[in-house]
Amino acid sequence: MASLELRGLAKSFGAQVVLDGIDLTVADGEMLVIVGASGCGKSTLLRLVAGLEQPSRGEVILDGRDITDRDPAERDIAMVFQNYALYPHMSVFQNMAFGLKIRGLPQADIRRRVGAAAEMLGLGDLLTRKPRALSGGQRQRVAMGRAIVREPKLFLFDEPLSNLDAKLRVQMRADIRRLQRRFAITSLYVTHDQVEAMTLGDRLVVMREGRAAQVATPMEVFARPADTYVAGFIGAPAMNFLPARLTAGGHGAALAAGPAILFADGPRPGPEGRGLTIGIRPEHVQLDPAGMAFAVDLVEPLGSETLVHGRLADGEGLVVKIAGQAPPGEALRVALPPAQLHVFDAGNGTRLEPETATVGPLAGLAVTG
Amino acid sequence: MRTRTDWLAHAVLGLGVVLFAFPVWLIFAGATQDAGAINRGDISLLPRLSHLGIFLSVLRNGDGANPTPVWHMLMISAGMALGIAIGKIVISLLSAYAVVFFRFPFRMLAFWTIFITLMLPVEVRIIPTYAVMADFHMINSFAGLTVPLLASATATLLLRQVFLAIPDELVEAARMDGAGPVRFLVSILIPVSAANLAALFVILFVYGWNQYLWPLLVATDPRLDTIVIGIVQLIDTGFTLTPWNTMMAMAVLAIIPPVIVVVAMQRWFVKGLTEVEK
């Protein structure tokens, strides 16, 4: 296993910029999950690392060596594809052995490696089967096995679970994580599923329009999203965003819906009246008889909890997640606990961190997570 | 209702079988009968079992008009049909492979040039083709029989469609596994499209087997007569009566090899049709 470094990796197809300069480091044994909406460039990034596409600019460095110009086969990288891409005419054994055979490994070695991988993945009894005689989960495991037997320096996963049904996906997710931890496999994992991203990754890369919007641990991304895009993308249901203005000398926000809220963690920089976007997750909004008026227009019971959609006094939409059942009635009152607020710039959407006493008033502008 | 539609379906099927099988039966029965009787129109639908030996004697000794025995004609036909079918498949496999999986200058120009030759079958270009073959001294040779028929736009187009349907991920997985172009062709592409290749082989074999105009022109040596040519040579020339029974016996023999090919390849068709990959 090895570490991977990407330096200023960029890719354009004609005039269309798909990747706009990505710098990333994946540590030895780390699982880095790249998450983003479709078309954000995450799959292209993976294909550049695999060598299936050539970058327009930048370098791919694996284990200290520049592999940017090498053929995919010479990179010592294995990839698990979304639709598994098993060779339909070969048995499970032949599928796993194909790459080793091309490499000219002795028969005995091939048999030993494939046998060990099959044992590990619970495919021992299926070695003579053809892919069409396997279930989706089994095919997925064969695809994993084909990658494992090569003992590569780096694993690439291209949405490997998206073709499985929900129950199997949860199980395979745990299996992948267990394997990856056990063998300390350096991995890049691409997905559009935020649950997969949160549960699998040591760190996350949230991508947007060819750029990395945030690179951090899953809990960091959840607790301190770098901008409104990341904040809205991670977490379900999505974070609520409310327009506000800076007030009280930077110590509070005046919501367009009415009340001013004082920040719990310190003042934000900028002039009085600066445009802000206040973010709050649905599960953090509280019902409070002394709070803002909240007109309910839809109630979605989920069993253990309830989603309540409605509007504030200024017409701004808000989703509230309540444990148990929602209280009856169309008119509720809600409060936004100051400790749970996320403060973003209204213009470019970047996160505004509180100024601390030791840092100058303008330093906070540069801190974007 | 159910039984009634079943009955109807079987009736239609039965009618189809009779329509297709009757002419074959007629030539089989006719082969065992007297040439004169057939000429008079007295063809019986019952074969004369005592005259079944005609098939063997025709096969061994020839038809009387041509010194070449029929088994030799069958060999020539089989060789020509196999050569054409295999040659066409090899050439179109490689050209379709190049057009679909490689990026090179004038790729689409090459493809469209192949495509346009669809409008130029042998019959249209027969005189220039003959001239070229004559310049190469390939008249009256086995190569002359097969080579001009080898290039095939139809097979190239068909294989191109088959290859286009192969998922990109499969190609990429093979690349990651370290398979080069030749390895990919041999270990992945050909096995994956085997059912289509088998179907193509049958069509091309029958096409080659039934060739008439080109062999008639290019091979005047009786040693190179195909079975189709051999049958046609027996037709009434004005001086002799057409030996219908001999002709029918040869026709029956001429049907057998294509039938064998179809039956042998049928297993592959069915496989190709039923084993759909998810």
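# Exercises on a predicted two-chain model

Buried residues make up 41% of the 369 residues of chain A. The model is predicted, and the exercises below work through both of its chains.

## Exercise 1. Overall description of chain A

Task: State how many helices and strands chain A has, and describe the span of its C-alpha trace.

Solution. Begin with the secondary structure: chain A comprises nine helices and 19 strands. Next, take the dimensions; along the principal axes, the C-alpha trace of chain A extends over about 75 × 45 × 40 Å. Finally, turn to the contacts in chain A with a separation of 6 or more: 65% of these are between residues 24 or more positions apart.

## Exercise 2. Two helices in contact

Task: Determine how α2(A) and α4(A) are oriented relative to each other, and which residues meet.

Solution. In general, a pair of packed helices is described by the angle between the axes and the distance between them. Helix α2 of chain A covers residues 92–102 and helix α4 of chain A covers residues 136–148; their axes come within 8 Å and cross at roughly 30 degrees. Angles under 35 degrees count as roughly parallel. The helices α2(A) and α4(A) are therefore roughly parallel to each other. The crossing of α2(A) and α4(A) is right-handed.

The residues come next. From α2(A), Val92(A), Asn95(A), Met96(A) and Gly99(A) take part, and they meet Val142(A), Gly145(A) and Arg146(A) of α4(A). Sorted by class, this contact of α2(A) with α4(A) contains three nonpolar, three polar and one charged residues.

## Exercise 3. Backbone features of chain A

Task: Locate Tyr84(A) and Ala85(A), and decide whether each is buried or exposed.

Solution. Tyr84(A) lies in the loop between β6 (77–80) and α2 of chain A, and Ala85(A) is found in the loop between β6 and α2 of chain A. Although Tyr84(A) is not a glycine, its phi is positive, about 70 degrees. Ala85(A), also not a glycine, has a positive phi of about 50 degrees. A residue counts as buried if 20 or more other C-beta atoms lie within 10 Å of its own. Tyr84(A) has 25 such neighbours within 10 Å and is therefore buried; Ala85(A) has 24 and is therefore buried.

Task: Identify the residues joined by a cis peptide bond, and place Pro237(A) in chain A.

Solution. The cis bond joins Ala236(A) and Pro237(A), with omega about -10 degrees. Pro237(A) belongs to the loop between α8 (228–233) and β11 (240–247) of chain A.

## Exercise 4. A loop residue

Task: Classify Asp28(A) by its surroundings.

Solution. Asp28(A) sits in the loop between β2 (16–26) and β3 (31–35) of chain A. Within 10 Å there are 13 other C-beta atoms, so Asp28(A) is partly exposed. The C-alpha atom of Asp28(A) is separated by 11 Å from that of Glu5(A), a residue 23 positions away along the chain.

## Exercise 5. Chain B

Task: Describe the side of chain B that touches chain A.

Solution. The contact takes 17 residues from chain B and 17 residues from chain A. On the chain B side, α9 (168–176) and α10 (181–192) each supply at least two residues. The largest share, six residues, comes from α9(B). By class, this side of chain B divides into eight nonpolar, one polar and eight charged residues.

Task: Check the length of helix α11 of chain B against its expected span.

Solution. Helix α11 of chain B (residues 194–209) has 16 residues, which at 1.5 Å a residue should span 22 Å; its end C-alpha atoms are 22 Å apart, so the two agree. The buried residues of α11(B) include Leu197(B), Leu200(B), Phe201(B), Leu204(B) and Trp209(B).

How values were computed. Residues numbered from 1 in each chain as written. Chains lettered and ligands numbered in written order. Predicted model: local features only at pLDDT ≥ 70, side-chain atom pairs only at ≥ 80, totals over all residues. Axes fitted to C-alpha atoms, helices over the stretch in contact; angles between N-to-C directions. Helix = DSSP H or I, 4+ residues; strand = E, 2+ residues; numbered from the N terminus. Parallel < 35°, antiparallel > 145°, perpendicular 65-115°, else oblique. Left-handed = near helix turned anticlockwise from the far one by under 90°. Contact = placed C-beta atoms within 7 Å. Nonpolar A, V, L, I, M, F, W, Y, C, P; charged D, E, K, R; others polar. Expected span 1.5 Å × (residues − 1). Buried ≥ 20, exposed ≤ 12 C-beta atoms within 10 Å, placed from the backbone.
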